[in-house]
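Hi,

Here is the structure I said I would pass along. Have a look at it first, and my notes on what I found follow below.

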Amino acid sequence: DYMFASSVEVPSPDGTYVASVNGAQEYAMGSETYGTLTITGEYRGYPVRHVFEHCNPTILWSDDSKILAVPQRTREQGLRLLLISLPRGQTQTIPRLFVCLELHSFAAGVIRGVDGQTYFPMKFEMDVSRAFHPLDPGVK
């Protein structure tokens, strides 16, 4: 179970990028872990490297390798779902209150998972296919 891992390395489906979370530590005793997410790779001969703090090892690539979904905990906003578009590293966040995210799949623009894993777990499904659309940056 990656939610509690101290490190993980996940290549994108097409092998272009590698997302890794390292140095993850428990947020609270017995809770999920958060660490530093690093995305590396190459795009059109140029190196790609993006770093994000406070990310959970439950990371998922979209089936087309263009977006990485990752739970991120911030002091200001609490737990949120962060979407990272590659190769530029643009981000969008899901405007929703989460308790404890476990991501299961990310295909055809739809993310599926469970929120509140141990306390009242609820399955969720989100269509994020328009998250990085130039005319509509909001998540639909």
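Arg-130 sits in the segment after β11. This is a predicted model, by the way, so please read everything here in that light. With a relative accessibility of 34%, Arg-130 falls in the partly exposed class, because that class covers values between the 20% limit for buried and the 50% limit for exposed. Its C-alpha atom is separated by 8.0 Å from that of Gly-109, and the two residues are 21 apart along the chain.

Since β11 has come up, here is the sheet it belongs to. Three strands make an open sheet in the order β9-β10-β11, and the pairing is antiparallel. The edges are taken by β9 (101-107) and β11 (122-127); each has a single partner strand, so one side of each lacks a neighbour in the sheet. From one strand to the next, the twist averages 20°. Strand β10, residues 110-115, is joined to β11 by six bridges, and Val-110 stands opposite Asp-127 of β11.

Stepping back to the whole chain: there are zero helices and eleven strands. Of its 140 residues, 47% count as buried. Among contacts with a separation of 6 or more, 38% come from residues 24 or more positions apart. The accessible surface is about 8000 Å², and carbon and sulfur atoms account for 51% of that.

Now to the interior. Nonpolar side chains tend to be buried together in soluble globular proteins. In this model the largest nonpolar core has 18 residues, and those touching the most other members are Leu-37, Ile-39, Ile-59, Trp-61, Leu-68 and Ile-84. At least two residues of this core come from each of β1 (8-11), β2 (17-26), β3 (33-43), β4 (46-55), β6 (67-74) and β7 (78-85). The biggest contribution is from β2, with four residues. A second core, separate from this one, has 17 residues, including Tyr-34, Leu-60, Ile-94 and Val-128.

Ile-59 is a good residue to centre your viewer on. Setting aside neighbours within four places in sequence, Ile-59 is in contact with Val-8, Val-10, Ala-19, Val-21, Leu-37, Leu-68, Ala-69 and Val-70.

Three of those partners, Leu-68, Ala-69 and Val-70, are named again in β6. How many of the eight residues of β6 are buried? Eight of the eight are, so the strand is mostly covered, given that buried means under 20% relative accessible area. Ile-67, Ala-69, Pro-71 and Arg-73 point one way, while Leu-68, Val-70, Gln-72 and Thr-74 point the other way. Polar residues such as Arg-73 and Gln-72 are thus listed among the buried ones too.

As for the partners of β6, there is one pairing with β5 and another with β7. Strand β5 (residues 60-61) pairs with β6 in the antiparallel sense over two bridges, and Trp-61 stands opposite Leu-68. The two strands form a hairpin with five residues between them, and Ser-65 in the turn has a positive phi of about 65°. With β7, β6 pairs in the antiparallel sense over eight bridges; there Arg-73 stands opposite Leu-79.

That turn leads on to another serine. Ser-12 is placed in the loop between β1 and β2. Is Ser-12 buried or exposed? At 4% relative accessibility, Ser-12 counts as buried. Beyond neighbours within four places in sequence, Ser-12 is in contact with Tyr-17, Trp-61 and Ser-65, the last being the turn residue with the positive phi. A polar atom of the Ser-12 side chain also lies 3.2 Å from the backbone nitrogen of Thr-16.

Another loop residue offers a contrast. Leu-97 lies in the loop between β8 (90-93) and β9, and Leu-97 is exposed, with a relative accessible area of 73%. The C-alpha atoms of Leu-97 and Arg-80 are separated by 6.9 Å, with their positions 17 residues apart along the chain counted as their spacing.

That is what I have for now. Happy to talk any of it over once you have had a look.

Best wishes

Methods. Residues numbered from 1 in each chain as written. Predicted model: local features only at pLDDT ≥ 70, side-chain atom pairs only at ≥ 80, totals over all residues. Heavy atoms only, no water. Core = buried A, V, L, I, M, F, W, Y, C linked by side-chain atoms within 4.5 Å. Buried < 20%, exposed > 50% of the residue type's maximum accessible area, 1.4 Å probe, protein only. Contact = heavy atoms within 4.5 Å. Pairing = 2+ DSSP bridges. Axes fitted to C-alpha atoms, helices over the stretch in contact; angles between N-to-C directions. Areas by Shrake-Rupley, 256 points an atom, 1.4 Å probe, with all protein chains shown as cover. Polar contact = N/O pair within 3.5 Å; in protein donor to acceptor, adjacent residues only side chain to side chain.
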